[in-house]
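Please read these notes with the model open beside you. They cover one annotated region, then a pair of helices, then a few strands.

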Amino acid sequence: MTAAIIDGKKISEEIRSSIKKRVDLLKENGVTPGLAVVLVGDNQASKTYVSMKQKACEKIGMHSVLITLDSGLTQEELLEKVDELNHDSSIHGILVQLPLPSHIDELTVIEAINPSKDVDGFHPINAGRLMTGGDAFVPCTPYGIIEMLKHQDVELSGKHAVIVGRSNIVGKPMGQLLLKEHATVTYCHSRTKDLAYHTRQADILIAAVGVIKLITADHIKEGVVIIDVGMNRDENGKLCGDVDFEDCLQKAAAITPVPGGVGPMTITMLLANTVQSAERFLSK
Ligand SMILES: Nc1nc2c(c(=O)[nH]1)N[C@@H](CN(C=O)c1ccc(C(=O)N[C@@H](CCC(=O)O)C(=O)O)cc1)CN2
């Protein structure tokens, strides 16, 4: 068996063209969806991601603002900026790029964002609503993964999904979304004993742990669908996932590449969440 490659770029393009139609409709009704991205410091990867977000907004006619702040700013100053954006009626989505410098408490900053503008879906109100089945902004990476699986016609109901990683951004919300689709969910993490025993049970395997090529052919069963969320650099600076792609290719039924898999979907779902926020604003 050679795995089907799940093309995140192609799926993203399809979804982005339907989001653009929603943007056009909002504009006809006098509302231009607006996203504010706050970047603190000069983390090179973060700079790349925020610039990709800005370009994606521009391409579909959305308003986007990038606020770059010095890494030495105080938490109080950052909270003031967030509050300003909470009150800016041209902004429907606020995103603070993570990670933040270590002297700033990420949760305090996330909690300062108005939940109705929290297009990252990280605010505890949105996380709680996701868990209890309410109307929530869904974190972009897991949201994108569900969309990819649906595009690929992967059956989720009754299937065993194993998630490696338990972050607030990916692992935890991923489990909630898979439960909503009636999958049986297992979480694995850095203290899981005999990781391969668990991952070999997976019909769907989500690797979101940040360890380069952790998942090899020995960790999977024939026919598994693998989603690689890893964004690691090898010793030559090459981007690599958490999955040894070449090693797993002959055993899996489908697999996402890195780059070109989950990454583009993350940005696409950010656009979708921001447009959703603007639509809610219009309907009020
Ligand atoms: N506030 C947030 N911070 C972070 C998030 C997030 O969703 N919200 N996620 C990640 C980074 N991220 C978005 O911010 C992100 C990472 C990677 C990609 C992407 O498209 N990657 C490309 C490769 C890009 C490259 O060459 O470096 C790919 O996979 O094809 C998009 C978004 C952490 N922070």
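**Notes on the annotated domain**

1. The UniProt record, an unreviewed entry, lists residues 139-280 as "domain: Tetrahydrofolate dehydrogenase/cyclohydrolase NAD(P)-binding". The model examined here is a predicted one. Over residues 139-280, helix makes up 35% of the chain and strand 17%. The C-alpha atoms at the two ends of this stretch are 18 Å apart.

2. Next, a helix pair. Two packed helices are described by the angle between their axes and the distance between the axes. For helix α6 (residues 140-151) and helix α7 (residues 171-180), the angle is about 35° and the axes are 8 Å apart. The crossing of α6 past α7 is right-handed.

3. Which residues of α6 and α7 meet? From α6 they are P142, I145 and I146, and from α7 they are P173, M174 and L177. Sorted by class, this contact has six nonpolar residues, with no polar and no charged ones.

4. Now the strands. Strand β8 (residues 225-228) is covered on both faces. On one side V225 and I227 are buried, and on the other side I226 and D228 are buried. Note that D228, a charged residue by class, is among the buried residues of β8.

5. Which strands pair with β8? Strand β7 (residues 204-207) runs parallel to β8 and is joined to it by four bridges. In this pairing, I206 of β7 stands opposite I227 of β8. Strand β11 (residues 254-255) also runs parallel to β8, with two bridges between them. Here I226 has I255 in β11 as its bridge partner.

Technical notes: Residues are numbered from 1 along each chain as its sequence is written. This is a predicted model: local features need pLDDT of at least 70, side-chain atom pairs count only at pLDDT 80 or more; totals for chains, interfaces and linings use all residues. UniProt positions are given in the numbering used here, feature names are shortened, and annotations may be inferred rather than shown by experiment. Axes are lines fitted to C-alpha atoms, for helices over the stretch in contact, and angles run from 0 to 180 degrees between N-to-C directions. A crossing is left-handed if the near helix is turned anticlockwise from the far one by less than a right angle, and right-handed if clockwise. Two residues are in contact if their C-beta atoms, placed from the backbone, lie within 7 Å. A residue is buried if 20 or more other C-beta atoms lie within 10 Å of its own, exposed if 12 or fewer, and partly exposed in between; C-beta atoms are placed from the backbone. Two strands pair if DSSP finds at least two bridges between them.
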